[in-house]
Amino acid sequence: MPATQRGIGAIEHLLFAESNNSLTTQGAAVRCGYLKALTSVAHEEIEGILHDWDGDEESPGYAGFFDGSANSSLHPRVAEAEVVRSLVFLVRTIANMQLGAALGVDAEPDLMAIPSGAAGHSRDDLSHQLLGISEMYRGAESDPQALGIGHIVGQLPPEVDSRMTAAIESALTAIDGVDGSLESAIAGNPQPVRNVYDSFKELQRVLNTEEVSVLGVSVGFSNTDGDS
């Protein structure tokens, strides 16, 4: 099976693919057993990721390299720059390599450019990615202590911060305007997805020019190209 149908992708295939629309019929015991094994492995892997991030009494977590609690923590300015570069790369990937490619902005439309699975949740997946971007910039609403880049860096001019926030909100609104999965919308009524693309391009513009300039972050070719 292709890589998209292994691990968590295989779980989605077993639960949602039309060929497996019933796991309760006679003969489905093997598929159910495989599904149970996959979820156990996924749970263990996620627990391991969380442990490596948070750390324990014996060893600091990876988060410590960013928040200053580890002995070999990154310098605050270096940590900020790394986060900003990650946001630049992610927004560019979504805008150009996924949405732009699927819509055929610069070439023939390629719906395979949209990361998707049997559940058809590409719109929701994109919304969750954008919410993650928002929290990295604005901080987590559920935790007042979890500050984002926009709060940590005090020299952000109010007008730049406002444009960044407005771009994020505009993109979220555009995603809400898509009916069904991104692929089905492009095939039947592409304009709402084009609105999402346009909103991400504006977010990319503000992030790549205004934010990077104000924060003094150097973004190299590989940070924005996606080839490395």
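So, pLDDT is the predictor's confidence in each residue, on a scale from 0 to 100. I'm starting there since what you see above is a predicted model, and I'd like the confidence picture in place before the packing. For the protein chain, the mean pLDDT comes out at 85, with 89% of residues at 70 or more.

Where is confidence lowest, and where is it highest? The low end is helix H10, residues 221-225, with a mean of 47. At the other end is helix H8, residues 182-188, at 94. And the low stretch has a bit of context: over residues 222-228 the pLDDT stays under 50, and there the model has 12 contacts beyond four places in sequence. Where pLDDT is low, the predicted coordinates should not be read in detail. I'll leave that stretch alone from here on.

Okay, the overall layout. We have 10 helices and 0 strands, so to speak an alpha-only run from the N terminus on. The chain has 228 residues, and 35% of them are buried. If you take contacts between residues at least 6 apart in sequence, 62% of them join residues at least 24 apart.

Let me begin at the N-terminal side, with helix H1, residues 8-16. Its buried residues are Gly9, Ala10, Ile11, His13 and Leu14. Part of the cover over those buried residues comes from helix H2, residues 29-54.

Now the helix pairs, and I'll go through H4 first. That's residues 76-103, and it pairs with H9, residues 191-215: the axes come within 9 Å and cross at roughly 155 degrees. Angles over 145 degrees count as roughly antiparallel, and that makes H4 roughly antiparallel to H9. The crossing of H4 past H9 is left-handed. On the H4 side the residues in contact include Val84, Leu87, Val88, Val91, Ile94 and Leu99, and on the H9 side they include Val193, Val196, Tyr197, Phe200, Leu203 and Leu207. There are some charged ones as well, among them Arg77 and Arg92 from H4, with Arg194 and Lys201 from H9. The class split for this contact is 16 nonpolar, 4 polar and 4 charged.

H4 also packs on H5, again at about 155 degrees, with the axes 11 Å apart. That makes H4 roughly antiparallel to H5 too, and H4 passes H5 in a left-handed crossing. Here H4 brings Val83, Leu87, Leu90, Val91, Ile94 and Leu99, while H5 brings Leu126, Gln129, Ile133 and Met136. By class you get 9 nonpolar, 1 polar and no charged residues. If you want to follow individual side chains, Leu87, Val91, Ile94 and Leu99 turn up in the H9 contact and in the H5 contact.

Next one along: H5, residues 122-138, with H7, residues 158-176. Their angle is about 165 degrees and their axes are 10 Å apart, and they are therefore roughly antiparallel to each other. H5 passes H7 in a left-handed crossing. From H5 the contact takes Arg123, Leu126, Ser127, Leu130, Leu131, Ser134, Tyr137 and Arg138. From H7 it takes Asp161, Met164, Thr165, Ile168, Glu169, Ala171, Leu172 and Ile175. That's 9 nonpolar, 3 polar and 4 charged residues.

A few single residues to click on. Is serine 134, in that H5 contact, buried or exposed? Serine 134 is buried, at a relative accessible area of 6%. Beyond its neighbours within four places in sequence, serine 134 is in contact with Gly139 and Ile168, and Ile168 is one of the H7 residues I just read out.

Then glycine 177, in the loop between H7 and H8. Glycine 177 is partly exposed, with a relative accessible area of 47%. Its C-alpha sits 8.6 Å from that of valine 196, which is 19 residues away along the chain. Valine 196 is one of the H9 residues that meet H4.

Last one: glutamate 183, over in helix H8. Why do I call glutamate 183 buried? Its relative accessible area is 18%, and the cut-off for buried is under 20%. Outside the four-place window, glutamate 183 is in contact with Leu111, Ile114, Ser116 and Ser122. And glutamate 183 to alanine 113 is 9.4 Å, C-alpha to C-alpha, with their positions 70 residues apart in sequence.

Technical notes. Residues numbered from 1 in each chain as written. Predicted model: local features only at pLDDT ≥ 70, side-chain atom pairs only at ≥ 80, totals over all residues. Heavy atoms only, no water. Axes fitted to C-alpha atoms, helices over the stretch in contact; angles between N-to-C directions. Helix = DSSP H or I, 4+ residues; strand = E, 2+ residues; numbered from the N terminus. Parallel < 35°, antiparallel > 145°, perpendicular 65-115°, else oblique. Left-handed = near helix turned anticlockwise from the far one by under 90°. Contact = heavy atoms within 4.5 Å. Buried < 20%, exposed > 50% of the residue type's maximum accessible area, 1.4 Å probe, protein only.
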